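This briefing offers a guided reading of the structure shown below. Please keep the sequence and the model in view while reading the points that come after.

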Amino acid sequence: MLQAILDHFNYWIAIFLMMIGFYTVVARGNLVKKLVGLNIFQTSVFLLYISMGKVIGGTAPILDDRFQIYSNPIPHVLILTAIVVGVATTALGLGLIVRIRESYGTIEEDELDLADGET
Amino acid sequence: MADLSVHLPALQVVVPLVAAPLCLLAGRAGLAWIIAFAASAAATATAAALAYITIHNGTISYHMGGWPPPWGIEYVVDTANAVILLLVSAIATVVLAFSPASVAKEIRPGSQHLFYCMFVLCLTGLLGIAVTGDAFNVFVFLEISSLSSYALIAMGGQRKALTAAFQYLIMGTIGATFFLIGVGLLYIMTGTLNMADMQARIAGIQDSRTVVAAFAFITVGLALKAALFPLHLWLPNAYAFAPSAVSAFIAATATKVSLYVLLRFTFTIFGAKFAFLNLPLNWVLLVPAVIAMFAGSLSAIFQRDVKRMLAYSSVAQIGYITLAISLASSAGLSAALIHIFNHGLMKAALFCAMGCIFYRIGTTRIDDMAGLGRQMPWTMTAIVIGGLSLLGVPLTAGFISKWYLVQAALQADLWWLVILIALSSMLALVYIWRLVEAMYFKAPPPGLEGAREAPLSMLLPTLFLAGANIYFGLDTRLPVAMAENAATLLLRGQM
Amino acid sequence: MRHHRVLRIVSKLLIPFIVLFALYVQFHGDFGPGGGFQAGVIFASAFILYGLIFGLENARKVAPPAVVTRLVAAGVLIFAGTGYAGLFGGGNFLDYGALRADPVAGQHLGIMVIEFGVGTTVAATMITIFFLFAGRER
């Protein structure tokens, strides 16, 4: 049992982070904290991808005569794209938060709902 | 230079993609509009050519950068996505034709060129999702279209647009990340990202729990993006507070494209047998779809803002589409694709008409629209036609959708579904009637007596869309032929 | 920050090296780890550091926002232009092999230009984001 968990520790870490992030997005009322939660959530998926690219005994995927086994670089490249997407999302989210703060004077969700007349 | 027609799948995406930075460089609203309009018109021409080729010569495959699949990114066009490409690019073109006056009124002067930049970027994303044959590429384009649509929605005039955009950003990102997890799990299991290759490799490992988990993540993620009940909470505010042109474009296209991806993954990659026999996808989709039909329509009845009302109506309409998908038959899939096409036309017409009203009276509240039937007769004609189409009255596009949907339900021996469809259409009658009643049978509220008809530049595209609703209610050859062909391809699991 | 002499001097010393490292990551990208994304961010971090230490006004003089915004678009155009060049060379979109008679040379050239476009856009975008957030009135 323990061995089964340890063998797949990368998946456990990914799931653990994923749930932390997801919980933060759902449970926190502060928009910045929500965005931080969203970031953790996304990062957990990045880790999932990156860890799957590791080939045991493999080296960095730079072609060289001395090595035969390389790690799989494709997940890394994919995640590079996903990270850029994540950065764009964060920047846009923070931009929205700044403007929400300027027009409402608050970034707490319950206060925003009150200001909009929704209870 | 070789024959351009071979490169159509790539041009479909990269022409709008290049237009986006050009709009940014243009710096002025007028020039940016010309670039955006030219790009979307070119995209429409490309989509029409692709549709023609797929109908006559079958599926087209294009290898990005000359790298053959499964190593390179492959763009695949068959009739299923040719319909989507045609719908998205045509709606974008008409909405852009509609937009200059509307944008000049609703968007801050300094950022109007940015509006067009974001608009074509959103178009690029949506076209890219439809055209690509690579699972990860779908995610990238999904995020391109989503990020630009968050920005577009935030450009709405009221401050609630900001919170609506933020809410959509959170929900949309969660949906896209779920999709990403699913694709990652599939990559772990198959070692490929090419859809056709994935399909071949997945066939032998369908009992694996990882594949089932991947399927669940992808379905939930896409359902969030497609605003399938109960994951629709982001949609009403996003549609209601976005600028008029954005509402019209996104309402007509964004959720439809997500539904297309759901179709693609369910039928082409996983296969109908896996999704509907090994797993109970039919019930997973059918129950929320039926609830959506009623909850969406009921919520629509109680809305005071017409844009919000139409947004809830979209939730109900997405219910119809999902219902058709859940039948998993050839007739059901045809009905789904036909309704995707027709619903795009209806909602674009209705939201454009709302744009005309907003342009003149500065609000879309139903009480403020009282008596507009006499003051803005043409806009109101468009609304009535769109509304009738939404109800499914004969001679409109909506009737064709409902007809195929009912037939598909009957074919599956689900006669009670037919009753439910009829009942929920009655609910649609209630909210459309509220609108008609206010427009034609009430006196205008004080201060708004002098409203005039919207300018021609907005009116003509709106009427064109309304006319399309009538046209495709009479001449159903194009959507029906493409949808039936696509349904056969999807059920056979071909790309 | 004007009075923190240590910060000012250290960052003045560091900034050239950051830029140099960014260029190394950029142009070494086709032999080893590196490429436009990373290089762009490192390059932008030099400007952001400058902005943090010497003030937004001075940073705007070094990198005028109007120019930076245009660079965002220019980078994308460089990228897409290379793609189109592949088309005109007789290959598919983004087919670098078609850029030169020798496919390998074409690949080299193509990836260089593409990564240059990516780097330009990423650096310009990061700087723009910094300017936009830092320049907000309180």
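The notes that follow treat one chain, one contact, one helix and one core in turn. The model is predicted. Chain A holds five helices and zero strands, and 22 residues of chain B take part in the contact with chain A. Helix 6 of chain B gives the most residues to chain B's side of that contact.

**Chain A**

- Along its sequence, chain A reads α-α-α-α-α, which reflects its five helices and zero strands.
- The C-alpha atoms of chain A occupy a box of roughly 65 × 35 × 15 Å along the principal axes.
- The radius of gyration of chain A is 20 Å, whereas a compact globule of 119 residues would have one near 14 Å.
- Buried residues make up 25% of the 119 residues of chain A.
- Of the contacts in chain A between residues at least 6 apart in sequence, 41% link residues at least 24 apart.

**The contact between the chains**

- Chain A contributes 25 residues to the contact, and chain B contributes 22 residues.
- On the side of chain B that touches chain A, the elements giving two or more residues are helix 5 (135–154) and helix 6 (160–190) of chain B.
- Helix 6 of chain B supplies 14 residues to this side, the most of any element.
- Sorted by class, the side of chain B that touches chain A has 15 nonpolar, four polar and three charged residues.

**Helix 6 of chain B**

- With 31 residues at 1.5 Å a residue, helix 6 of chain B should span 45 Å, because the expected span is 1.5 Å times one less than the number of residues.
- The end C-alpha atoms of helix 6 of chain B are 44 Å apart, which agrees with the expected span.
- Helix 6 of chain B is mostly covered, with 29 of its 31 residues buried.
- After helix 6 of chain B comes Gly191(B), which has a positive phi, near 70°.

**The largest nonpolar core**

- In soluble globular proteins, nonpolar side chains tend to be buried together.
- The largest nonpolar core in this model has 273 residues, and Cys23(B) and Ile153(B) have the most contacts inside it.
- Helix 14 (residues 330–361) of chain B provides the largest share of this core, with 21 residues.
- Leaving aside residues up to four places away in sequence, Cys23(B) touches Ala32(B), Ile35(B), Ala36(B), His113(B), Tyr116(B), Cys117(B) and Val120(B).

Note on methods
Residues are numbered from 1 along each chain as its sequence is written. Chains are lettered from A and ligands numbered from 1 in the order in which they are written. This is a predicted model: local features need pLDDT of at least 70, side-chain atom pairs count only at pLDDT 80 or more; totals for chains, interfaces and linings use all residues. Two residues are in contact if their C-beta atoms, placed from the backbone, lie within 7 Å. Helices (H or I, at least four residues) and strands (E, at least two) are DSSP runs, numbered from the N terminus. Ala, Val, Leu, Ile, Met, Phe, Trp, Tyr, Cys and Pro count as nonpolar, Asp, Glu, Lys and Arg as charged, and the others, Gly among them, as polar. A nonpolar core is a set of buried Ala, Val, Leu, Ile, Met, Phe, Trp, Tyr and Cys residues joined through C-beta atoms within 7 Å. A residue is buried if 20 or more other C-beta atoms lie within 10 Å of its own, exposed if 12 or fewer, and partly exposed in between; C-beta atoms are placed from the backbone. The radius of gyration is taken over C-alpha atoms; the globule rule is 2.2 Å times the number of residues to the power 0.38.
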